[in-house]
Amino acid sequence: MRRTIFTAEHELFRDTARTYYQRECAPYTEQWEREGQVSREAWAAAGKAGLIGWQFPEEYGGQGLWDFRYNAIMAEEMHATSSVGIGLGLQNDVIPPYLMHLTTPEQKARWLPGVISGETICALALSEPGAGSDLKNIRTTARRDGDTWVIDGSKTFITNGILADLVIVACKTDPDAGHKGISLIVVERGTEGFERGRKLDKVGMKAQDTAELFFHGVRVPAENLIGQEGRGFYHMMGNLPTERLAIAVAALASAERAFGLALEYAKTRTAFGRPIGEFQANRFALADIKAQLGVARVYLDGCIMALVDGELTADEAAAAKYWTTETGWQAIDRCMQLFGGYGYVNEYEIARIWRDSRVQRVFGGTSEIMQEIIGRSLGL
C-alpha cells in the first residue's frame, strides 16, 4: 500500500541518507565484515552530511527535529543499500533521549557537539554476563568517593564497544535498594581502569563491533552522573519503547530487502526450462511473504506516527518488535530457501541478511519478554 507518513522534507532526507550509504558504507561491506568494525571516517562523513543527532538543539550543531520518521528513514536506507555495521541506529535512536533529557547544560556543551559531528561515538552499557533482559539484577557498582564515582564491574554485548568514546554505564549506586539503586554514569575513553575486552565473534552482524567492557576502580567526576541518582532503572524503562520500535523498523526493512532479492532471483533463475518463480510452490511462497510484510508495514507505520504524536505505548512497541522480528525472520528464511545452495554461500547477500536478522528476536528484549509485556497489558 502507498505510504502516507512522510512529507517532502522527509524524502529529501531520504535522498541524503541513500547517497551517504551508497558512497560511504556499501562499498566497504566486505572489508568491515573482515575487520569486525567500521571506519571512523564513515562516522565523520555521516556527521558532515547531517545524519547524526538532528534531534539536538542548533546551538550544539543539531537541527532540533524530534521526529522518529527521520530515524525510520535511516534504518530503511541502510538495508535498502546493503550497508552493514555502522551503529548509527544506536547513536540516533537510543542515545539522544539520555543525552538530551537527562543531562545538564554543562554536560550538553561538553558532549553533544562531538556526538553530532560523528567524532564522538557512543555506547550504552546495560547488559552483563548475568543480567540481560533482567536489568534490575546488574552487579556493576559505583560508590561515591568525594567528588568522584568509583566504578567496578563488567558489561557484555555492548554495541560500539570497541569504537565508543562515550559510554553510558548502568551501575548500582545503592546495592541494597534493588532497582531503585541503579544510576547512569558516563565513562569517557582513556579513563584509567576502563578496559575493552573481547570483540565478540558473533553469528551475524560481523561488521558491528560488539564487545565486553571492564571497569576496575574507574574514577569519573561526580558530574558525569546523568539523570537522577537511583532513578536509572526508570530512565532506561522510559526509553525502551523507542528502542524497540527502532529494532522493528530495522527488522522489517531487512525482510523487505530479502524479499526484493528473492523476487529478482525467482524471475531470473531457471530450472527445468523456466524461471523458478513460475512454479506454484515458489509463487505462493512469495505471495505469502508479500502479504505478511505488507500487513506488518501498515501496523509499523501506525506505531511510528503514534511515537511522533507522543502516544505510543509500551505494549504497542512490544507488539511491533515481536511481530516484525518473528515475521521478518520467517520471511527471510523462506527467501533464503528460494536461492537453494547459493543462499548458503556467504558471497550472496541473502546469506548475510539471514545471519544478521536472527539476533533481532533477542536484543532489545527477547520475543518472550515482548509476549510478557503484551500479556500484562491484557490484565493477565
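A residue counts as buried under 20% relative accessible area, as exposed over 50%, and as partly exposed in between. That scale will be handy as we walk through this structure, which is a predicted model.

Let us start with the stretch that a record picks out. In an unreviewed entry, UniProt lists residues 7-119 as "domain: Acyl-CoA dehydrogenase/oxidase N-terminal". Over residues 7-119, the chain is 65% helix and 0% strand. The C-alpha atoms at the two ends of this stretch are 30 Å apart.

Two helices deserve a look here, α1 and α4, and salt bridges are a good way in. Side chains of opposite charge can pair when their charged atoms come close. The count of salt bridges in the model comes to 25. One of them joins the side chains of E76 and R14, at 3.1 Å from N to O. Because E76 lies in helix α4 and R14 in helix α1 (residues 8-25), this pair ties together parts that are 62 residues apart in sequence. Both E76 and R14 are buried.

R14 has another partner in E77, with the closest N and O atoms 2.9 Å apart. This pair again links distant parts of the chain, from R14 in helix α1 to E77 in helix α4, 63 residues apart. R14 has a relative accessibility of 13%, so it counts as buried. E77 is buried too, because its relative accessible area is 2%.

E77 also meets R18 in a salt bridge, at 2.4 Å from N to O. Here E77 in helix α4 and R18 in helix α1 are 59 residues apart. Is R18 buried or partly exposed? Its relative accessibility is 35%, which lies between the two limits given at the start, so R18 counts as partly exposed. Now step back to the wider picture: salt bridges that share partners join R3, E11, R14, R18, E76, E77, E256, R297 and D301 into one network.

Next come the aromatic rings. How many aromatic pairs are there? The count comes to 12. In one of them, the rings of W54 and Y70 have their centres 6.4 Å apart and their planes at 55 degrees, so the pair is tilted. W54 is in the loop between α3 (40-48) and α4 (68-80), while Y70 is in helix α4, and the two are 16 residues apart. Both W54 and Y70 are buried.

The pair of F194 and F215 has another geometry to look at. The centres of these two rings are 5.3 Å apart and their planes are at 5 degrees, so the pair is stacked. It links distant parts of the chain: F194 sits in strand β6 (residues 194-199) and F215 in strand β7 (residues 210-221), 21 residues apart. F194 and F215 are both buried. Elsewhere, ring pairs link Y265, F339, Y342 and Y348 into a cluster.

Rings also meet charges in this model. The charged end of R231 sits over the ring of Y234, 4.1 Å from the ring centre. Likewise, the charged end of R274 sits over the ring of F279, at 4.0 Å from the centre of that ring.

Two single residues round off the tour. The first stop is A123, which is in strand β1 (residues 122-125). Its relative accessible area is 0%, so A123 is buried. What is A123 in contact with, leaving aside its neighbours within four places in sequence? The answer is L90, I95, I158, T159, N160, A164, L166, V167 and I168. For a sense of distance across the model, take A123 and T327: they are 204 residues apart along the chain, and their C-alpha atoms are separated by 28 Å.

The other stop is T242, which has its place in helix α7 (residues 232-268). T242 is buried because its relative accessible area of 18% falls under the 20% limit. Leaving aside neighbours within four places in sequence, T242 is in contact with F68, D93 and L307.

Methods: Residues numbered from 1 in each chain as written. Predicted model: local features only at pLDDT ≥ 70, side-chain atom pairs only at ≥ 80, totals over all residues. Heavy atoms only, no water. Helix = DSSP H or I, 4+ residues; strand = E, 2+ residues; numbered from the N terminus. Buried < 20%, exposed > 50% of the residue type's maximum accessible area, 1.4 Å probe, protein only. Contact = heavy atoms within 4.5 Å. Phe/Tyr/Trp six-rings, centres within 6.5 Å; stacked < 30°, edge-to-face > 60°. Lys NZ or Arg CZ within 6 Å of the ring centre and 35° of its normal. Salt bridge = Lys/Arg side-chain N within 4 Å of Asp/Glu carboxyl O. UniProt positions renumbered as here; feature names shortened; annotations may be inferred.
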